[in-house]
Amino acid sequence: MAGLEGKVAIVTGASRGISRAIALKLASNGASVVVNYASNADKAQAVVAEITKLGSQAISLPADVSQVADIQGLFEQTIAHFGKVDILVNNAAVILYKPIIEVTEAEFDKIIATNIKGTYFACQQAALHMANGGRIINFSSTTTALMLPTYSAYVATKGAVEQITRALTKELGAKEITINTVSPGPTDTELFRQGKTEAQINHLAQMAALGRLGEVQEIADVVAFLASDEARWITGQNIRVNGGVA
Ligand SMILES: NC(=O)c1ccc[n+]([C@@H]2O[C@H](COP(=O)([O-])OP(=O)(O)OC[C@H]3O[C@@H](n4cnc5c(N)ncnc54)[C@H](OP(=O)(O)O)[C@@H]3O)[C@@H](O)[C@H]2O)c1
């Protein structure tokens, strides 16, 4: 699938993990890509170099999505460099696995600010600046459909993202902007492995009907589809990309 020639995409948190794969996939389909990062400047620059090798354009831009001024700057700099924004992938997130009795106010504030506030205000910038026919892809998690102990703060943020997507669908529809949520299941990345034993990882892998962890490319392929013209009639949906996790 190609078809993203002439499109400009912002991918948040694209220095590693699922979003790195998304940045590369969108670029291989022809899009120019802004590789946003929080702290990993070198890794983000490496993604830019890979995209350049693919024959597409890319720049890396630092922005802490938990800060509204940084999100505004991300859009301003993207428009200054590429002239517009057609695709926004709100992937950047942090995780917290803790029983509720151990969660601190600072940890809760950080996960809320990164996962909810970051997504919300990036959507606001998209609503202000995105070209007609644009695409927003937000990131939740299959965990919102499960009842996993220690995930309460994380799923609270991801449940909010799902509702933000739904509530914005009609506001953005007037500009023919589609907005959808992608909810991966267990997918092999640093974020997924953080704080888990091998036994826990194997247990989660076996929750999928297909009996393994997802790969980043399998998530990126669905995002690229949602960003494409073929997906123009899909909006307001939550697509669980998880190999059949229940
Ligand atoms: N992996 C899974 O199994 C899984 C399952 C369900 C849902 N998800 C969701 O899929 C998305 C990607 O997950 P992942 O596993 O690929 O994560 P990851 O490997 O941990 O990568 C997270 C990315 O988010 C960025 N980031 C963190 N805080 C940020 C901030 N304040 N501002 C800007 N960027 C920030 C990081 O940037 P730096 O490198 O610069 O710090 C990094 O590039 C997340 O929304 C996650 O919740 C993942």
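## Exercises on a predicted model

A polar side-chain atom of Ser15 sits 2.6 Å from an oxygen atom of the ligand. That makes a good start for some practice with this predicted model, in which local features need pLDDT of at least 70, side-chain atom pairs count only at pLDDT 80 or more, and totals for chains, interfaces and linings use all residues. Residues are numbered from 1 along each chain as its sequence is written, and side-chain values use heavy atoms, with hydrogens and water left out.

**Exercise 1. Find which residues are closest to the ligand, and which polar atoms of Ala63 and Lys158 face it.**

Step 1. Collect the surroundings: 31 residues surround the ligand (a heavy atom within 4 Å of it), and the closest are Gly13, Ser15, Arg16, Tyr154 and Thr189.

Step 2. Look at the polar pairs. An N or O atom in the side chain of Lys158 is 2.9 Å from an oxygen atom of the ligand. For Ala63, a polar backbone atom lies 3.5 Å from a nitrogen atom of the ligand.

**Exercise 2. Describe the setting of Gly13: where does this residue lie, and is Gly13 buried or exposed?**

Step 1. Place Gly13 in the loop between β1 (8-11) and α1 (17-28); helices (H or I, at least four residues) and strands (E, at least two) are DSSP runs, numbered from the N terminus.

Step 2. Check accessibility. Gly13 counts as buried because its relative accessibility is 18%; buried means under 20% relative accessible area, exposed over 50%, partly exposed in between, with a 1.4 Å probe and protein chains only.

Step 3. List contacts (heavy atoms within 4.5 Å). Leaving aside neighbours within four places in sequence, Gly13 is in contact with Ser19, Asn36, Asn91 and Ala92.

**Exercise 3. Work out whether the length of α2 agrees with its expected span, and which of its residues are buried.**

Step 1. The expected span is 1.5 Å times one less than the number of residues. For the 14 residues of α2 this gives 20 Å, and the end C-alpha atoms are 20 Å apart, so the two agree.

Step 2. Pick out the buried residues of α2: Ala44, Val47, Val48 and Ile51. They lie on the same side of α2, because they cover an arc of only 100° around the axis, the arc being that of the directions from the helix axis to the C-beta atoms.

Step 3. Turn to the other side of α2, where Asp42 and Lys53 are exposed. The cover over the buried residues of α2 includes α1, β2 and β3 (58-62).

Step 4. Move just past the end of α2, where Gly55 takes a positive phi of about 95°.

**Exercise 4. Find which helix gives the most to the largest nonpolar core.**

Step 1. A nonpolar core is a set of buried Ala, Val, Leu, Ile, Met, Phe, Trp, Tyr and Cys residues joined through side-chain atoms within 4.5 Å. The largest has 33 residues, and Ile22, Leu26, Val33, Ile51, Val89 and Phe139 have the most contacts inside it.

Step 2. Compare the contributions: α1 gives the most to this core, with 7 residues.

**Exercise 5. Place Thr181, and find which side chain it joins in a polar contact.**

Step 1. Thr181 belongs to strand β6 (residues 178-184) and is buried, with a relative accessible area of 1%.

Step 2. Its side chain and that of Thr165 are joined by a polar contact of 2.7 Å. A polar contact is a pair of N or O atoms within 3.5 Å; within protein, one must be able to donate a hydrogen and the other to accept it, and residues adjacent in sequence count only if both atoms are side-chain atoms.
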